[in-house]
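Here is a briefing on internal space and nonpolar packing. Look over the structure, then read on.

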Amino acid sequence: MPDPSVPPTPAVPLSALLAREDLALRQIAGPTDPDVVIHWAHTSEMADPYPYLLGGELLLTAGVHIPEAAGSGTYFDDYVSRIVEAGGTALGFGLAPVHDTVPRALVAACESFGLPLLEVPPRTTFSGVARAVWQLMAQARLAELRRVTEAQQSLAAAASRPDPVPSVLRQLAQRVGGWAGLYGPEGTLIAAAGREPGAEARAALADLTGVVRPRTDATASTPDSTAAVDGRTAAGGGRAGAAPADREAPRERGQAAPAPASGAAAPAAPGIRAAGVAPRERGQAAPAPTAPARSTAAPASATDTVAGAHLAAYALAPSHGFVLGVAAPRRDPADHTIASVAAVLLSLLTGEQQSGTGAARTSALVRLLLGAAPEAVAPLLGTDPWLVVHARPDSPGAPDPVAASALGAALGSPLVDLAGDVVRVLVPADREPAPQPGWTLGVSDPATPAEWPAADTRAARALARARATRTPLVRHGARPGLADLVPHDEAASHARALLGPLAHTPALVDTLRAWLSLHGSWDRTAVALAVHRNTVRQRIARCAALLGTDLDDPDVRMELWFALRQ
C-alpha cells in the first residue's frame with residue numbers, strides 16, 4: 001500500500017518523466033534509483049515550502065526566493081532539508097529568467113540530502129512539466145484499472161470452478177506475481193498456490209495472520225493495549241487516546257511538525273503495520289518491540305515487509321476465523337485491490353463451508369426434486385421464522401440475474417428467485433429488510449417454512465400496494481382483527497357464500513381486493529394491477545352487478561373486505 005502521507009494518486013516513475021524528449025529535463029544531482037516515483041507536481045517560490053507540501057511531490061522553482069548571499073551560508077541546506085522533511089520526492093530548478101545556471105550550493109545540498117535535482121531548460125514551462133506528470137498518471141491509472149478488471153474477471157471465474165478455493169488462490173498468486181495461502185481458524189495452512197516465500201517470510205506471514213484473526217479467549221488484551229487500526233482502536237472502534245509513535249499528527253498550514261507524543265500507543269507488532277497506520281518519519285527512531293496486541297475485534301487487514309517480500313493478511317468471515325495470506329514482490333494499490341477481491345470471494349466460500357448452510361439448502365432442493373413433501377424438507381432450513389420479500393425494479397424492464405443476486409446480498413440472503421419482473425427473496429426474520437435504492441419492496445409477516453406459500457401471497461399484495469402508493473417498502477400488517485372473533489370455519493363459509501358469484505373469475509376477485517385496499521382509487525388500483533384505469537372501472541362495475549350490492553356503501557365494503565381476507 002502507498003504511504004498514507006502522500007496524495008492518493010498513481011505513482012509516476014521519475015525516470016519516465018526524464019525520458020520525455022519534449023521536456024528535455026536533466027538530472028544533475030541526487031540518487032538515480034529507478035524506483036523513485038512522484039505523485040504530484042507543485043510550483044512554489046517560498047523560502048520554506050514545507051507547509052505547502054503533502055509529500056511525494058516534484059517541487060518546481062525558478063529560484064525567485066533565493067537571496068543574493070545564499071551561497072555563502074546554510075540557506076540551501078535548510079531549504080533542501082525542509083523539502084526532504086515534508087516528503088518531497090524531487091526538485092526541479094528552472095533556468096531563466098532569474099538564474100542562468102543551477103546554483104552549485106543547491107547541487108551540493110541535494111547530493112548531501114539525497115534529493116534528486118532536475119534542471120528544467122528555458123524552453124520548458126512548469127505547466128508543461130505538470131501536464132506531463134498528469135498524462136503519465138492517467139496512463140498509469142488506466143493500466144491499473146485494466147489490470148484490476150482483468151483480475152476480477154479471472155477470480156470470479158475461478159470461484160465458479162469445481163475446486164473454487166484452490167482456483168482462487170492460484171489466480172491470486174498469478175496476478176500478484178507471488179504466493180497466496182488460506183489459513184484455518186487454528187492457524188494451520190489449508191491451501192496455497194504460487195512461488196513459496198522464504199522461511200523467514202513464511203514465519204512472519206503466519207504471525208501476521210494471528211494479528212488479524214479474532215480472539216475470544218481470556219488472553220485477549222484490554223482496549224488500552226489494542227493496536228490502532230484506521231484511526232480506531234481494534235477493541236471498541238473508538239478513536240485512540242494518543243497517536244501512535246510512528247504516526248504524524250495532522251498539521252495546520254505553516255505549523256511545524258509536532259513531536260511524537262510520549263504516551264503513544266505501541267504498534268501491533270515489530271515491523272507489522274495495520275491498515276491505515278503511517279510509517280515512521282525520515283530519521284525517526286523505531287519504537288521498542290512489543291508483543292502483538294490481540295483483541296476480539298481484529299483489524300480487517302495488516303501488512304509487513306520481511307526479507308524483501310511484501311506480506312499482507314486479510315481476515316475472512318470474521319466469525320469463522322479464516323485468514324488469507326499474500327506474499328508478493330511489490331505492494332501497490334492494484335495489488336491490494338486484487339487481494340481484497342479474492343478475500344471477498346474466499347469469505348463467501350469459507351463461510352458456506354464452515355456454516356453448512358449451503359449444504360443444507362442443496363440437500364433440501366434435492367429432496368424436493370426427488371418428491372419429498374415441503375413440510376418434510378423445511379426442518380433443513382431451520383425452525384426460525386422467515387420473511388418473504390417481493391421486489392420490482394423502479395426502472396423499466398425486467399431485472400437481470402446479476403441485479404437479483406445483488407438485491408439478495410443487500411437484504412442478507414442468498415435465497416433469491418427471479419420470476420419475470422419480480423424478484424422473490426427469503427430473508428431470516430431477524431434481518432429486518434430496509435428500503436433498497438432503485439427497488440420497490442413488499443414484505444410479508446414472519447412465517448415458518450410451512451407457512452411460506454401464504455406469506456408469498458401476502459408479500460405480493462404488499463408489493464402491489466407499495467407500487468400503487470409509490471412507497472419504497474410496504475410491510476404486511478399482521479395484527480388481531482375481526483377475524484379473530486369469528487371461528488375460522490364459519491368465517492370461511494361466509495366468505496365463500498358472499499363471494500360465490502365471483503369465484504370463477506379470479507381477475508374480478510383480485511381487482512376488488514386491490515380496489516378496496518386502496519380506498520377505491522381507480523388510478524392506484526390500475527398501477528397495482530398493471531392494467532388501464534378503464535379496465536378497473538369495468539371490473540368493479542361487473543363485481544357490483546354480480547354481487548347485487550352498492551360498493552359505495554361503507555358497510556358493504558367492510559363486509560367484503562372481511563370476506564376477502566379469509
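A cavity is a set of grid points where a 1.4 Å probe fits but cannot get out. The model discussed here is predicted. A search of the whole structure gives 2 cavities of 30 Å³ or more. The points below take the largest cavity, then the nonpolar cores.

**Largest cavity**
- The space in the largest cavity is about 120 Å³.
- Its lining is made up of 15 residues. Nearest the centre are A312, Y314, V326, R331 and D335.
- Three elements give two or more residues to this lining: β14 (309-316), β15 (322-328) and α7 (333-355).
- β14 gives the most, with 4 residues.
- By class, the lining holds 8 nonpolar, 3 polar and 4 charged residues.

**Largest nonpolar core**
- The largest nonpolar core has 29 residues. Those touching the most other members are L155, L169, L172 and L324.
- Elements that give two or more residues to this core are α4 (126-159), α5 (164-176), β8 (179-183), β9 (189-194), β14, β15 and α7.
- α7 supplies the largest share of this core, 8 residues.
- Which residues does L172 touch, not counting residues up to four places away in sequence? They are L155, A180, L324, V326, I338, A339 and A342.

**Another core**
- Apart from the largest core lies another, of 22 residues. Among them are Y50, A70, Y79 and C110.

**Shared elements**
- β14, β15 and α7 each give two or more residues to the cavity lining, and β14, β15 and α7 each do so for the largest nonpolar core.
- V326 is one of the residues nearest the cavity centre, and V326 is also touched by L172.

Key
Residues numbered from 1 in each chain as written. Predicted model: local features only at pLDDT ≥ 70, side-chain atom pairs only at ≥ 80, totals over all residues. Heavy atoms only, no water. 1 Å grid on protein atoms, 1.4 Å probe; cavity = no way out; pocket = protein on both sides within 12 Å on 5 of 7 lines; lining within 4 Å. Points joined across faces, edges and corners; volume = space filled by probe spheres on them. Nonpolar A, V, L, I, M, F, W, Y, C, P; charged D, E, K, R; others polar. Core = buried A, V, L, I, M, F, W, Y, C linked by side-chain atoms within 4.5 Å. Buried < 20%, exposed > 50% of the residue type's maximum accessible area, 1.4 Å probe, protein only. Contact = heavy atoms within 4.5 Å.
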